[in-house]
Number of protein chains: 2
Amino acid sequence: MNTPADPMLPVPEIPHNHKQCVHDALKMAELLCVERGVQLTAIRHQVLELIWESHKAVKAYELLDRIRPLQAAAKPATIYRALDFLLAQGLVHRVESLNAFVGCSCSGHQHEQLLLICKQCEEVEERMAAEVMQVLAEEFRQAGFAAHSKAIEVHGLCKKCVG
Amino acid sequence: MNTPADPMLPVPEIPHNHKQCVHDALKMAELLCVERGVQLTAIRHQVLELIWESHKAVKAYELLDRIRPLQAAAKPATIYRALDFLLAQGLVHRVESLNAFVGCSCSGHQHEQLLLICKQCEEVEERMAAEVMQVLAEEFRQAGFAAHSKAIEVHGLCKKCVG
DNA sequence: CTGTTATAAGATATATTATAACATTCGCCC
DNA sequence: GGGCGAATGTTATAATATATCTTATAACAG
Ligand SMILES: [Zn+2]
Ligand SMILES: [Zn+2]
Ligand SMILES: [Zn+2]
Ligand SMILES: [Zn+2]
């Protein structure tokens, strides 16, 4: 259907093929939902797809506007319910400091990563940051704190934009 | 004025004298504002005092309700402007994951700490977490990311509540 | 004192984000 | 096809935040 990138060409400067990104994320989501016996309904699938249109964080009401061509009757609850589901399944992250949502690029694994949020291009990079998490765990131990969920959100300029 | 705690008594179980907390925070705020040549006006001072009533994060509209006996004409903008000022001066932190605000217990020094947010008692503990910040800095270096501001917010149970 | 500038606060309206509550429909099992 | 729970439709409203325009006040220069 779409012209695929020639796999023989060296592509040193293009860090990723976004179509592939989206495809992988959706396939993974479908797989995980089947495995877990939960329903990735049409609306939920559409919302996930809309979130994955870019690596930028998307606002709930932006999603609402963008889903209307597909779901004419969509209301805020339509979006928030889909988001609740996707968050519960770990398929998207909420970016607390933006009141926005971004696709999770590692839905299979552990969650609670480091989010690097670019002020310029608005893209959000997710990183496991294993060492950070480990040192953080030690800090909790010292503080006598039993952590349930963590959000590490950093605003700044990404590699591309820092020039 | 207030009965001071006898410094000779061992106080093993009371971790802090909150009146002292508040007093120190307000004095520090006044000092810093003078040093910086910015105005800690009556409204700003009152808002800061209200925020320091406890170590819980406070919502903007709670502050609005609570400032009305003092400022009958207060409107949302009254509070948000005061909060903007206090945030800019590093005198309070915004807790992104709660849309709420908490007094900064180290206004003098560096900012961007780790916030440990208790689900039970709702108190927020602020920690410098120097080692975490250092490892995080290394992570940014690897990612080629130029960090401007960070928020590390962890929800869970604090020492007192974890039992 | 008076004009000028800058900052703060008052006032009104509105934008943005999120949830509650209840009705209806859908998919599935029996 | 009847019953059940999950998902969605629908309406209303709550909660959070900002924009804009006006008025007041302080600091300072001429
Ligand atoms: Zn991509
Ligand atoms: Zn960027
Ligand atoms: Zn205290
Ligand atoms: Zn607690």
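**Exercise 1. Which polar side-chain atom lies 3.3 Å from a base oxygen of DNA strand D?** Then work out what else sits around this strand.

*Solution.* Before we start, keep in mind that this is a predicted model.

Step 1. The atom we want belongs to B:R81, whose side chain puts a polar atom 3.3 Å from a base oxygen of DNA strand D. With a cut-off of 3.5 Å for a pair of N or O atoms, that counts as a polar contact.

Step 2. Now look at chain A. A:R81 also has a polar side-chain atom by a base oxygen of DNA strand D, at 2.5 Å.

Step 3. Next, try the backbone of the DNA. B:K59 has a polar side-chain atom 2.8 Å from a phosphate oxygen of DNA strand D.

Step 4. Zoom out a bit. DNA strand D is surrounded by 16 residues, and the closest are A:T41, A:R81, B:K59, B:Y61 and B:R94. Of the strand's atoms that come within 4 Å of the protein, 46% are sugar and phosphate.

Step 5. Sort those residues by class and you get six nonpolar, four polar and six charged. As for the elements, α2 (42-51) and α4 of chain A, plus α4 of chain B, each give at least two residues to this surface.

**Exercise 2. Which residues are closest to DNA strand C, and what do their side chains reach?**

*Solution.*

Step 1. List the neighbours. There are 15 residues around DNA strand C, with A:K59, A:Y61, A:R94, B:T41 and B:R81 the closest.

Step 2. Find the phosphate partners. The side chain of A:R94 has an N or O atom 2.6 Å from a phosphate oxygen of DNA strand C. B:T41 does something along those lines, with a side-chain N or O atom 2.7 Å from a phosphate oxygen.

Step 3. Find a base partner. An N or O atom in the side chain of B:R81 is 2.6 Å from a base oxygen of DNA strand C. Remember B:R81 from the opening exercise, where its side chain came 3.3 Å from a base oxygen of DNA strand D.

Step 4. Check the split between backbone and bases. Of the atoms of DNA strand C within 4 Å of the protein, 49% belong to sugar or phosphate, and the rest belong to bases.

Step 5. Name the elements. α4 (76-88) of chain A, α2 (42-51) of chain B and α4 (76-88) of chain B each supply at least two residues. The largest share, three residues, is from α4(A).

**Exercise 3. How many residues does each chain bring to the contact between chain A and chain B?** Go on to describe what holds the picture together.

*Solution.*

Step 1. Count. Chain A brings 36 residues and chain B brings 36 residues.

Step 2. Size it up. The two chains bury about 3000 Å² between them, and 62% of that is on carbon and sulfur atoms.

Step 3. Look for charged pairs. Two salt bridges turn up across the interface. In a salt bridge with an N to O distance of 2.7 Å, the side chain of A:R127 meets that of B:E139.

Step 4. Ask which element of chain A gives the most to the side touching chain B. That's β5(A), with 12 residues. By class, this side of chain A has 19 nonpolar, eight polar and nine charged residues.

Step 5. Follow that strand across. β5(A) is joined by 11 bridges to β5 (residues 146-157) of chain B, and the two run antiparallel. If you want a spot to find on screen, try A:E153, which stands opposite B:A151 in β5(B).

Notes:
Residues numbered from 1 in each chain as written. Chains lettered and ligands numbered in written order. Predicted model: local features only at pLDDT ≥ 70, side-chain atom pairs only at ≥ 80, totals over all residues. Heavy atoms only, no water. Near = heavy atom within 4 Å. Polar contact = N/O pair within 3.5 Å; in protein donor to acceptor, adjacent residues only side chain to side chain. Helix = DSSP H or I, 4+ residues; strand = E, 2+ residues; numbered from the N terminus. Contact = heavy atoms within 4.5 Å. Buried area = accessible area lost by both parts, 1.4 Å probe. Salt bridge = Lys/Arg side-chain N within 4 Å of Asp/Glu carboxyl O. Nonpolar A, V, L, I, M, F, W, Y, C, P; charged D, E, K, R; others polar. Pairing = 2+ DSSP bridges.
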